[in-house]
Amino acid sequence: FLKNSGVSEFRIFTDDDIRGRSVAVALAEELSAFAPTGIIDYEPVRRQLPNSIGKLDPGMLSVEQIQLLLSKGAQIFRL
């Protein structure tokens with residue numbers, strides 16, 4: 001579905017653990033053949049959030065926090 005969606009780029013936003021990172025890398029390898037693909041880089045994310053959080057995952061973030069992070073654009077994604 002994603003490969004045929006016609007999007008111009010992919011941004012992979014997985015959990016910040018070993019399994020999440022390995023899934024992100026596998027997805028990026030597959031999807032990068034179809035469009036530029038970025039993987040979430042949690043280090044800048046940690047710096048943008050107001051409190052200190054250990055392991056992160058998208059489900060822990062509020063809508064406002066995700067909007068803040070996405071407003072930072074490519075700074076939080078590794079291409």
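How many residues does helix 1 have, and how far does helix 1 reach from its first C-alpha to its last? Keep that in mind while we set up the view.

This is a predicted model, where local features need pLDDT of at least 70, side-chain atom pairs count only at pLDDT 80 or more, and totals for chains, interfaces and linings use all residues. Residues are numbered from 1 along each chain as its sequence is written, and side-chain values use heavy atoms, with hydrogens and water left out.

**The whole protein**

Start with a cartoon view. You'll find three helices and three strands; here helices (H or I, at least four residues) and strands (E, at least two) are DSSP runs, numbered from the N terminus. Along the sequence the pattern reads β-α-β-α-α-β. Switch on the surface: about 5,200 Å² is accessible, and carbon and sulfur atoms own 55% of that (Shrake-Rupley method, 1.4 Å probe; for residues, only the protein chains shown count as cover). Of the 79 residues, 30% count as buried. Buried means under 20% relative accessible area, exposed means over 50%, and partly exposed is in between (1.4 Å probe, protein chains only).

**Helix 1**

Now select residues 18-31, which make up helix 1. Back to the opening question: helix 1 has 14 residues and reaches 20 Å, close to the 20 Å expected at 1.5 Å a residue (the expected span is 1.5 Å times one less than the number of residues).

Colour Gly-20, Ala-24, Ala-28 and Leu-31, the buried residues of helix 1. Look down the axis and these buried residues fall within an arc of 75 degrees, so they line one face of the helix. That arc is taken from the directions from the helix axis to the C-beta atoms. What do the buried residues pack against? Strand 1 and strand 2. Turn to the other side of helix 1 and you'll meet Ile-18, Arg-19 and Glu-29, which are exposed.

Next, pick Val-25, also in helix 1. Val-25 is partly exposed, at a relative accessible area of 40%. Draw a C-alpha to C-alpha distance from Val-25 to Gly-38: 9.5 Å, with their positions 13 residues apart in sequence.

**Into the loop**

Move on to the loop between helix 1 and strand 2, and select Ser-32 there. Ser-32 has 43% relative accessibility, so this residue counts as partly exposed. The C-alpha atoms of Ser-32 and Glu-9 are 8.6 Å apart, though the two residues are 23 apart along the chain.

Phe-34 sits in the loop between helix 1 and strand 2 as well. Buried or exposed, or partly exposed? Phe-34 is partly exposed, with a relative accessible area of 45%. From Phe-34 to Gly-6 the C-alpha distance is 9.0 Å, and the pair is 28 residues apart in sequence.

**The paired strands**

Finally, show strand 1 (residues 10-12) alongside strand 2: three bridges join them, and they run parallel. Two strands pair if DSSP finds at least two bridges between them. Within the pair, look for Arg-11 opposite Gly-38. Follow the chain from strand 1 through helix 1 to strand 2, and you've traced a right-handed β-α-β crossover: with the strands pointing away from you, the path from the first strand over the helix to the second runs clockwise.

Stay on strand 2 (residues 37-40) for the last stop: Thr-37 and Ile-39 point one way, Gly-38 and Ile-40 the other, and all are buried.

Technical notes: Contact means heavy atoms within 4.5 Å.
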